[in-house]
Amino acid sequence: MSDGSHLVVLVVACEVAFWAFLAAGLGTRYLLGWRRTSTVLLACTPVVDVVLLVASILDLRSGSTAGTAHGLAAAYIGLSAGFGHRTVTRADARWAHRFGGGPAPDPRPQHGRERTRHEWVLWLHALVAWAVACALLGAAIILVDDANRTEALRSWIDGLTAGLVIWLLAWPVAHPIWPKQPPAA
């Protein structure tokens, strides 16, 4: 049995690995011109999630009580699923502009319908993240099949759901009601 600290360390290591693979992939593409190597390095970013998923499953299968570390791992994988591709795409656009002579990335919209649409798109990414994380948490609850050992995972589902609802109300729903006004000309 474990206290989950090794899993927390693995979550942190996976986050570091994601950014390291992203920087290495974009660096080899735009600074060295090694497109094939870049593609392989960028393809490693989702592999990080698989490593974390397998480690979490193995930890639970070994008899560990599901705790904060397991919830954090599910949330991390959910965020990666919901926002990972967007993050890589936006980083690629910035590197292409800075080092590859590409066009400047579109700025984040600040006002009007474009801003409202932007907030809804971000929330939909969050919805995907929530769905993946909750599916993983639910699968872990079923896998362990012991309510005493999975109580923390149910709390994570509640917390993630509350966060998603707050995000919905505070940004996509609130923006059209109280839109940010453009600066006076």
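Here are some short exercises on the structure above, each with a worked solution.

This is a predicted model, in which local features need pLDDT of at least 70 and side-chain atom pairs count only at pLDDT 80 or more, while totals for chains, interfaces and linings use all residues. Residues are numbered from 1 along each chain as its sequence is written, and side-chain values use heavy atoms, with hydrogens and water left out.

**Exercise 1. Work out how helix α1 is oriented against α2 and against α3.**

Step 1. Start with the elements: helices are DSSP runs (H or I, at least four residues), numbered from the N terminus. Helix α1 covers residues 5-30 and helix α3 residues 68-100, and helix α2 spans residues 35-61.

Step 2. Take α1 and α2, which pack at an angle of about 170° with their axes 7 Å apart. Axes are lines fitted to C-alpha atoms over the stretch in contact, and angles run from 0 to 180 degrees between N-to-C directions. Angles under 35 degrees count as roughly parallel, over 145 as roughly antiparallel, 65 to 115 as roughly perpendicular and the rest as oblique. So α1 is roughly antiparallel to α2. The residues of this α1 and α2 contact divide into 17 nonpolar, 8 polar and 3 charged. In that split, Ala, Val, Leu, Ile, Met, Phe, Trp, Tyr, Cys and Pro are nonpolar, Asp, Glu, Lys and Arg are charged, and the others, Gly among them, are polar.

Step 3. Now take α1 and α3, with an angle of about 15° and axes 10 Å apart. That makes α1 roughly parallel to α3. Their contact holds 19 nonpolar, 4 polar and 3 charged residues.

**Exercise 2. Describe how α2 lies against α4.**

Step 1. The axes of α2 and α4 come within 10 Å and cross at roughly 25°.

Step 2. It follows that α2 is roughly parallel to α4.

Step 3. The crossing of α2 and α4 is right-handed, a term for a near helix turned clockwise from the far one by less than a right angle (anticlockwise would be left-handed).

**Exercise 3. Find the side-chain partners of His 6 and His 70, and say how accessible each histidine is.**

Step 1. Place them: His 6 is in helix α1, and His 70 is in helix α3.

Step 2. Look for polar contacts (N or O atoms within 3.5 Å; within protein, one must be able to donate a hydrogen and the other to accept it, and residues adjacent in sequence count only if both atoms are side-chain atoms). The side chain of His 6 meets that of Asp 59 at 3.2 Å. The side chain of His 70 also contacts the side chain of Asp 59, at 2.6 Å.

Step 3. Check accessibility: buried means under 20% relative accessible area, exposed over 50%, and partly exposed in between (1.4 Å probe, protein chains only). His 6 is partly exposed at 40%, while His 70 is buried at 6%.

**Exercise 4. Decide how many disulfides the model has, and why Cys 14 is not in a bond with Cys 44.**

Step 1. Recall the rule: a disulfide is a pair of cysteine sulfur atoms within 2.5 Å.

Step 2. The cysteine sulfur closest to that of Cys 14 belongs to Cys 44, and it is 12 Å away, so the two are too far apart for a bond. The count comes to 0 disulfides.

Step 3. Add the surroundings: Cys 14 is buried at 4% relative accessible area, and Cys 44 is partly exposed at 22%.

Methods:
Helix = DSSP H or I, 4+ residues; strand = E, 2+ residues; numbered from the N terminus.
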